[in-house]
Amino acid sequence: MAESPENKPTNNTPKDWRGLIWYGLLGLTILSIVFSVMKSPAAPKVLDYTSFLAELDRGTVKQVTIRTNEKVIEGVKRDNSKFKTYYMDSPTLVPDLRAKGVQIQINPADSGWLLSVFLQAFLPVILIGLLWFFILRQAQGANNQAMSFGKSRATANGKDKNNITFKDVAGVDEAVEEVREIVDFLKAPEKYQAIGAKIPKGVLLMGPPGTGKTLLAKAIAGEAGVPFFSLSGSDFVEMFVGVGASRVRDLFKQAKKTQPSIIFVDEIDAVGRHRGAGLGGGHDEREQTLNQLLVEMDGFDPKTTVIVVAATNRPDILDPALLRPGRFDRQVVVDKPDIKGRQQILKIHSTEKKIDENVDMEVIARRTPGFTGADLANLVNEAALLTARKEKQQVTMVELEEATDRVMAGPERKSRLISEKEKEIVAFHEVGHALVAKLISDSDPVHKVSILPRGMALGYTLQLPKEDKYLVSKAEMESQIKVLLGGRIAEQLIFNSITTGASNDIERATDIARAYVCTYGMSEELGTRKYGRTQQQVFLGRDYSDHSKDYSEETARAIDNAIQGLIQRCYKEVEKLLADHKAVLEHVSRQLMEKEVIDGPEFEAMLKEHLKSGVI
Ligand code: ADP
Ligand code: MG
Ligand code: ZN
């Protein structure tokens with residue numbers, strides 16, 4: 001599929017009068033300075049030519065300086081007052097002057113008052129003006145927008161332009177399912193309003209770069225056939241306070257005019273960071289912009305059919321105020337595709353290219369774990385380029401393989417490459433977690449096991465609680481530690497060596513063990529009391545707790561021993577558990593390597609299958 005034309009800032013509307021105001025102000029400043037200089041007392045009196053000739057006839061002129069370049073005559077009268085008039089190239093002027101005995105100078109070498117006035121007054125003004133202009137250009141990103149303050153640069157994409165639909169988005173089926181309802185609402189808002197149903201105002205798409213968040217947002221607009229106003233969060237962050245906020249206001253005004261419509265804020269983390277998280281200076285530009293965004297979203301009346309879709313790959317740094325009900329309360333995860341998804345994406349991007357019929361995209365999909373949609377689109381395009389360079393007619397497996405290597409090594413792909421051996425280790429590690437979670441009591445059910453890299457992690461196991469819980473029991477805390485240790489222990493058991501992959505697990509297990517001992521008073525050795533004081537540093541805008549010591553060195557040692565003892569105990573138990581179930585560990589891990597992602601029910605099914613063969 002061809003990359004769609006960017007919807008982001010193109011150019012301004014003709015109503016760009018705000019910029020003119022600034023030019024006008026600049027001009028006025030210069031003019032007023034010029035006038036004040038001209039009116040200074042030292043300046044000579046300006047005579048019109050008739051008066052000059054009259055003075056000459058009367059014989060009051062003592063001396064003249066004719067400046068032919070500047071086309072002026074400067075004169076001194078017999079009473080030593082100065083005057084000035086305009087010079088005309090007339091053949092009678094010099095004879096007339098001589099007849100009256102006037103002393104004549106023509107173009108003397110000194111540059112004269114005009115140039116010095118110019119140097120003294122104009123040059124600084126011009127320099128300041130130029131400086132001002134360039135600062136503005138810089139601030140606005142050299143986008144020919146130097147003076148378009150406060151105007152939203154969003155452009156609406158009419159129905160005709162945007163023809164991206166859900167068919168163009170593959171491998172993120174769950175996300176597509178979740179946004180289908182939004183499309184339904186935009187198509188027939190009356191249906192929902194008649195029942196009085198409240199529709200989400202904001203949808204937040206979260207996921208790593210290149211997974212198709214922008215694409216999905218366009219597809220929502222395309223499916224619903226509504227205008228799509230798109231803006232990038234970084235456009236909001238301007239140098240001048242108040243500009244971002246006025247952009248937001250403008251954007252919402254435009255969108256409301258053409259409702260039902262979609263406002264898409266890409267990279268919202270640029271504006272939506274934690275307010276007050278930056279040290280020093282609370283009210284910055286970003287904060288104002290964010291406030292304006294929240295005000296606009298809160299100001300929607302029930303009849304408003306504008307939906308704000310935002311995308312971010314940093315949900316962790318977003319201001320919690322954005323996620324409150326009535327704002328971006330619908331959160332949709334757009335994840336990296338699994339093997340089946342990758343195959344579909346490859347197919348989508350191949351439709352407009354000439355592909356040899358012997359090409360098996362499954363092979364390519366299998367080779368590219370961790371690739372995002374953007375990586376895969378890039379891969380297919382590289383293959384087509386290679387084919388053209390070789391002057392072949394159709395893309396074959398050879399080019400696709402070569403392109404895969406290129407994209408893997410290429411500078412655009414920052415996420416890491418995983419070897420077969422690493423993949424195997426990660427699979428056993430993750431199944432280690434999952435199996436422990438399944439086998440022990442007091443543990444949350446396994447929702448998903450994956451060996452697709454995500455952020456810094458090479459794989460992950462996701463557990464979701466059956467119901468909301470506010471109290472965590474002692475047994476549950478121990479279970480959490482055991483599940484965390486499961487990964488490392490599985491590695492040790494199978495490969496008889498351990499890797500750095502478990503560092504985060506160990507950190508979390510240690511934190512839990514520390515809280516178990518120090519905060520909740522659960523350890524038998526140390527009894528029911530709290531160790532350490534909690535300090536709140538409010539000025540940071542967040543609660544960065546710090547546990548300061550309020551106990552003796554001796555107790556500190558006892559705490560360390562208690563934490564260590566607890567982890568040790570859990571380790572021993574899990575070691576035995578996994579050793580007893582080594583066969584099932586192997587079985588599930590092999591399947592995970594094959595499929596890359598296993599969801600909860602599949603996991604259960606695999607265990608049952610194994611149970612039937614009598615191993616568990
Ligand atoms: P993001 O906004 O998440 O960073 P984009 O939507 O900009 O990613 O994706 C860039 C390009 O990669 C898209 O235009 C599309 O060609 C391709 N792409 C990404 N994800 C997918 C997907 N899930 N299905 C099909 N194509 C995709
Ligand atoms: Mg994007
Ligand atoms: Zn782990």
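Helices, as the word is used here, are DSSP runs of H or I with at least four residues, and they are numbered from the N terminus. With that in mind, helix 7 (213-224), helix 11 (339-350) and helix 13 (373-389) each supply at least two residues of the shell around ligand 1. The structure is a predicted model, and the points below take up the surroundings of ligand 1, then the zinc ion, and then some details of the backbone.

**The surroundings of ligand 1**

- Domain 3 (155-333) and domain 4 (339-408) both contribute residues to the shell around ligand 1, and the ligand therefore lies between these two domains.
- There are 15 residues around ligand 1, and those that come nearest are Ala170, Gly210, Lys213, Thr214 and Leu215.
- Sorted by class, the shell around ligand 1 consists of six nonpolar, six polar and three charged residues, while helix 7, with three residues, gives the most to this shell.

**Polar contacts of ligand 1**

- One oxygen atom of ligand 1 lies 2.7 Å from a polar side-chain atom of Lys213, and a polar backbone atom of Leu215 is 2.9 Å from an oxygen atom of the ligand.
- In the case of His349, an N or O atom of the side chain is found 2.9 Å from a nitrogen atom of ligand 1.
- Taken alone, ligand 1 exposes 550 Å², and the protein buries 85% of that area.

**The zinc ion (ligand 3)**

- The zinc ion is coordinated by His429 and His433, each through its NE2 atom, and by Asp505 through OD, at 2.0 to 2.1 Å.
- Along the sequence, the donor residues of the zinc ion follow the spacing H-x3-H-x71-D.
- His433 in helix 15 (residues 420-439) and Asp505 in helix 17 (residues 503-519) form a pair that links distant parts of the chain, since 72 residues separate them.
- Both members of this pair, His433 and Asp505, are buried.

**Details of the backbone**

- Gln259 and Pro260 are joined by a cis peptide bond, with omega at about 0°, and Pro260 lies in the loop between helix 9 (243-257) and strand 9 (261-266).
- Asp442, which is not a glycine, has a positive phi near 60°, and this residue is found in the loop between helix 15 and strand 12 (446-450).
- Because its relative accessibility is 42%, Asp442 counts as partly exposed.
- Asn496 also is not a glycine, yet its phi is positive at about 55°, and its place is in the loop between helix 16 (474-495) and helix 17.
- With a relative accessible area of 63%, Asn496 is exposed, because the cut-off for an exposed residue is over 50%.

Conventions
Residues are numbered from 1 along each chain as its sequence is written. Chains are lettered from A and ligands numbered from 1 in the order in which they are written. This is a predicted model: local features need pLDDT of at least 70, side-chain atom pairs count only at pLDDT 80 or more; totals for chains, interfaces and linings use all residues. Side-chain values use heavy atoms; hydrogens and water are left out. A residue is near a molecule or strand if one of its heavy atoms lies within 4 Å of it. A polar contact is a pair of N or O atoms within 3.5 Å; within protein, one must be able to donate a hydrogen and the other to accept it, and residues adjacent in sequence count only if both atoms are side-chain atoms. Accessible areas come from the Shrake-Rupley method with a 1.4 Å probe; for residues, only the protein chains shown count as cover. Ala, Val, Leu, Ile, Met, Phe, Trp, Tyr, Cys and Pro count as nonpolar, Asp, Glu, Lys and Arg as charged, and the others, Gly among them, as polar. Domain bounds come from an automatic or database domain assignment. Donors are N, O and S atoms within 2.8 Å of the metal (3.2 Å for Na, K and Ca); water is not among the atoms, so sites may look incomplete. Buried means under 20% relative accessible area, exposed over 50%, partly exposed in between (1.4 Å probe, protein chains only).
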